[in-house]
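Colleague: I am new to this structure and should be grateful for a close look at a single part of it, the interior packing. Please begin there and then place that part in its setting.

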Amino acid sequence: KVIEFCKHHVTDPMTPFEKPLKDADLTKLIQEFYATFIMSTDNDTLYHLTLAANYLDISPLLDLCSARIASFIKDKTVEQIRENLNIVCDFTPEEEAQVREENKWADDL
């Protein structure tokens, strides 16, 4: 996937996008190839692709991976984020209610 990205990037560089993301829909921010490339990547591959982009210092690929991860979170509820990122909640319902109560201020952000 890294080679695929780099080969395409040489002939059609990815359009830089504003950060933080203005929209969770990446198709509105970048060219079709890059949107399809990253949206079709499963979470495990995305994780390894992010590590590779960071290690190899491929900034456009790292930005793209980071944008995809940010899109998992942007404008989502806690439950949706857990589902998107396969996070298991290990709080009891009572503990979770307590944490939500203590952090109600964060809902207004």
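Modeller: The account below starts with the nonpolar core, follows one helix into it, and then turns to the loops and the largest pocket.

The model is a predicted one, and the description should be read in that light.

The largest nonpolar core holds 20 residues. Those that touch the most other members are Phe5, Ile30, Phe37, Ile38, Leu49, Leu61 and Leu64. Four helices each supply at least two residues of this core: helix 1 (2-11), helix 2 (32-39), helix 3 (43-55) and helix 4 (59-73). Helix 4 gives the largest share, with five residues. As a general matter, nonpolar side chains in soluble globular proteins tend to be buried together.

Helix 2 offers a good way into this region. Which of its residues are buried? They are Tyr34, Ala35, Phe37 and Ile38. When helix 2 is viewed down its axis, these buried residues lie within an arc of 165 degrees, and they therefore line one face of the helix. Helix 1, helix 3 and helix 4 are among the elements that cover the buried residues of helix 2.

Isoleucine 38 shows such packing at the level of a single residue. Once its neighbours within four places in sequence are left aside, isoleucine 38 is in contact with Leu26, Leu46, Leu49, Leu64, Cys65 and Arg68. Of these partners, Leu49 and Leu64 also appear among the core residues that touch the most other members, as does Ile38 itself.

The loops around these helices contain some notable backbone geometry. In general, most peptide bonds are trans, and most residues other than glycine have a negative phi. Lysine 19 and proline 20, however, are joined by a cis peptide bond, with omega at about 0 degrees. Proline 20 belongs to the loop between helix 1 and helix 2. In the loop between helix 3 and helix 4 lies aspartate 57, a residue other than glycine whose phi is positive, near 60 degrees. Is aspartate 57 buried or exposed? With a relative accessible area of 63%, aspartate 57 is exposed, because the cut-off for that class is over 50%.

Further along the chain, asparagine 86 sits in the loop between helix 5 and helix 6. Asparagine 86 is not a glycine, yet its phi is positive, at about 55 degrees. Asparagine 86 is also exposed, at a relative accessible area of 61%.

The largest pocket completes the setting. About 230 Å³ of space lies within it, and its lining consists of Val78, Arg82, Phe91, Glu96, Val99, Arg100, Asn103, Ala106 and Asp107. By character, four of these lining residues are nonpolar, one is polar and four are charged. Helix 5 (78-84) and helix 6 (93-102) each contribute at least two residues to the lining, and the largest share, three residues, comes from helix 6.

One of the lining residues is Glu96, which is part of helix 6. Glutamate 96 has a relative accessibility of 17% and so counts as buried, the limit being under 20%. Apart from neighbours within four places in sequence, glutamate 96 is in contact with Glu79, Arg82, Cys89 and Phe91. Arg82 and Phe91 are, like Glu96, residues that line the largest pocket.

Key: Residues are numbered from 1 along each chain as its sequence is written. This is a predicted model: local features need pLDDT of at least 70, side-chain atom pairs count only at pLDDT 80 or more; totals for chains, interfaces and linings use all residues. Side-chain values use heavy atoms; hydrogens and water are left out. A nonpolar core is a set of buried Ala, Val, Leu, Ile, Met, Phe, Trp, Tyr and Cys residues joined through side-chain atoms within 4.5 Å. Buried means under 20% relative accessible area, exposed over 50%, partly exposed in between (1.4 Å probe, protein chains only). Contact means heavy atoms within 4.5 Å. The arc is that of the directions from the helix axis to the C-beta atoms. On a 1 Å grid over the protein atoms alone, a cavity is a set of points where a 1.4 Å probe fits but cannot get out, and a pocket is an open set with protein on both sides within 12 Å along at least five of seven lines; lining residues have an atom within 4 Å of a point. Grid points are joined across faces, edges and corners, and a volume is the space filled by probe spheres set on the points. Ala, Val, Leu, Ile, Met, Phe, Trp, Tyr, Cys and Pro count as nonpolar, Asp, Glu, Lys and Arg as charged, and the others, Gly among them, as polar.
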